[in-house]
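Me: I would like to go through this model one piece at a time. Please give the reasoning before each result.

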Amino acid sequence: MERKNWYKLDNAAKIVPSTARGANTRVFRLTCELKEKVEKDMLQIALDETIDEFPFFNCVLHRGLFWYYLEDSDLRPVVELEHTPACMPLYIPGHKNLLYRVNYFDKRINLEMFHVLADGTGAFMFFKTLIIRYLQLKHSLSEDIKPVDEFSVEEKNVDAFTDNYSKQKGLKQLKEMSSVKAYQVSGELDENLLPHLLEGTVSSSKFLELAHQHNTTVGVLCVAIYIKAAILSMNRGQKKRHVVVSVPVNLRQFYHSGTARNFFGVINIDYDPANYDGNLNTIIEPVDKAFKEKLSAENIEKTMNSYSALEHNLAVKVVPLPIKDFTIGRFDAAAKKGVTTSMSNIGRIKMPKEVEEYIDRFSAFMTAASQQITVCSFGDKMTFGEASPFKTHRVMLNFFRCLSEQGIEVELGSNDYDEEVSD
């Protein structure tokens, strides 16, 4: 009998199974909208060939005595026409199933993945390879076309946290994340806690121009306008609480890694609404300053090590998994009280020139107990994807109104069930 390979979870993934509950399935969705309808059979062939380049993704999740772990699987993914709500659970305890799915509808191809396998950047490595292979088959393009950021199978599968860890008191930083009580987004919950997706697309060049007008970056401007939108959504009593935006940081750019597994840290941007005087620059300036401080080399190393601290802390190591699940779940709930939203900026999606003409846009969504926003751009289309269990989208609609007031047109789309996109 052939012995199967097994893998430890990377350090960011270790907390994922313990925190996947309710609306927060810890499943994210990447979408590519083409300029023509998707052909199922060709997409299946493309998927079969792509997964061979990412063998780590074809695993199932098991519970060990002290930690979860991944094991190679001979299961093969099957492409399906989308027929269920977005981002439904992929990990079901006691069930042996793959931790990703690929489906399609009309012109859209969707990849959904359990966060244990990868972060958004790592999943996009897989997704871009899939899209390129599909378009090669569909349009008889050269097989030599490769992703712009191509890495070897070995580089894609490496655990970059372990490779770059240096011993520090990382648990202290994790505890500090739960010390603030932030403004919480609220609304009418979906009865079944299904994710409601809102997609807003704007001109990348016009958004960049707006950032330049304010002498700042696209990432800072995204967070600043969100903070303004949140303040506009608050009543007088709520304005006593700070708006805290959690921003995942792609650590590959700091450590020159090509891993397709999780390799990110998180910085929190904290803003007191009392400092807002109606001028957007009174938000941009402190946000810009916070970004620069928290993205310094020293602070990035602390952020990276805080994720490794769980594995390397002896007291945590010897605690049985059920207790870890309970403790991590409690900590995660406490930490969320210190965050208003999470905004992940994946950045510009680069594709080979040979396939660009067939693609309209990319978008991304990440489930959350309250709200998470994911930003990416392709060509001149910059897309903000919000996932939330709330039936209304008050803060994000204020966000898009703020852009409209700056002369930036917004194209809205939603998966809302039997409801219009409204306040």
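Me: How much area does the protein expose, and what share of it do carbon and sulfur atoms supply?
Reply: This is a predicted model, and its values are computed from the coordinates. The exposed area of the protein comes to about 19100 Å². The share of that area supplied by carbon and sulfur atoms is 51%.

Me: How many helices and strands are there, and what percentage of the residues count as buried?
Reply: The protein has 15 helices and 15 strands. A residue counts as buried under 20% relative accessible area. Of the 423 residues, the buried part is 53%.

Me: At what angle do helices α7 and α8 pack, and what is that arrangement called?
Reply: Helix α7 covers residues 204-213 and helix α8 residues 218-233, with axes 9 Å apart. The angle between them is about 85°. Angles of 65 to 115 degrees count as roughly perpendicular, so α7 is to α8 roughly perpendicular.

Me: Which kind of residue makes the contact of α7 with α8: nonpolar, polar or charged?
Reply: From α7 come Phe 207, Leu 208, Leu 210 and Ala 211. From α8 come Val 218, Leu 221, Cys 222 and Ile 225. With no polar and no charged residues in the contact, its 8 residues are nonpolar.

Me: In the loop between α7 and α8, is His 214 buried or exposed, and what about Asn 215?
Reply: Both His 214 and Asn 215 lie in that loop. His 214 touches Leu 280, Asn 281 and Ile 284, leaving aside residues up to four places away in sequence. Because its relative accessibility is 17%, His 214 counts as buried. Asn 215 has a relative accessible area of 70%, so Asn 215 is exposed.

Me: What is the phi of Asn 215, and what is that of Cys 87?
Reply: Asn 215 is a residue other than glycine with a positive phi, near 55°. Cys 87 sits in the loop between β5 and β6 and, at 1% relative accessibility, counts as buried. Cys 87 is not a glycine either, yet its phi is positive, at about 60°.

Me: Which strands stand at the edges of the open sheet of 5 strands?
Reply: The order in this sheet is β5-β6-β7-β2-β12, with mixed pairing. An edge strand here has a single partner, so one side of it is left without a neighbour in the sheet. The strands in that position are β5 (80-81) and β12 (359-366).

Me: Which strands of this sheet does helix α3 touch?
Reply: Within the sheet, β6 (residues 100-105) and β7 (residues 108-114) are antiparallel over 6 bridges, and Val 102 has Leu 111 in β7 as its bridge partner. Helix α2 (residues 40-51) lies across β6 and β7, at about 155° to β6. Helix α3 (residues 120-139) also packs on the sheet, its direction making about 30° with that of β2. The strands touched by α3 are β2, β6, β7 and β12.

Me: How many bridges join β8 to β14, and how many residues of β14 are buried?
Reply: β14 (residues 381-388) pairs with β13 (residues 372-378) in the antiparallel sense over 7 bridges, with Gln 372 opposite Ala 387. β8 (residues 196-203) also runs antiparallel to β14, and His 196 has Ser 388 as its bridge partner. The bridges between β8 and β14 number 8. Strand β14 is mostly covered, the buried count being 7 of its 8 residues.

Methods. Residues are numbered from 1 along each chain as its sequence is written. This is a predicted model: local features need pLDDT of at least 70, side-chain atom pairs count only at pLDDT 80 or more; totals for chains, interfaces and linings use all residues. Side-chain values use heavy atoms; hydrogens and water are left out. Helices (H or I, at least four residues) and strands (E, at least two) are DSSP runs, numbered from the N terminus. Buried means under 20% relative accessible area, exposed over 50%, partly exposed in between (1.4 Å probe, protein chains only). Accessible areas come from the Shrake-Rupley method with a 1.4 Å probe; for residues, only the protein chains shown count as cover. Axes are lines fitted to C-alpha atoms, for helices over the stretch in contact, and angles run from 0 to 180 degrees between N-to-C directions. Angles under 35 degrees count as roughly parallel, over 145 as roughly antiparallel, 65 to 115 as roughly perpendicular and the rest as oblique. Contact means heavy atoms within 4.5 Å. Ala, Val, Leu, Ile, Met, Phe, Trp, Tyr, Cys and Pro count as nonpolar, Asp, Glu, Lys and Arg as charged, and the others, Gly among them, as polar. Two strands pair if DSSP finds at least two bridges between them.
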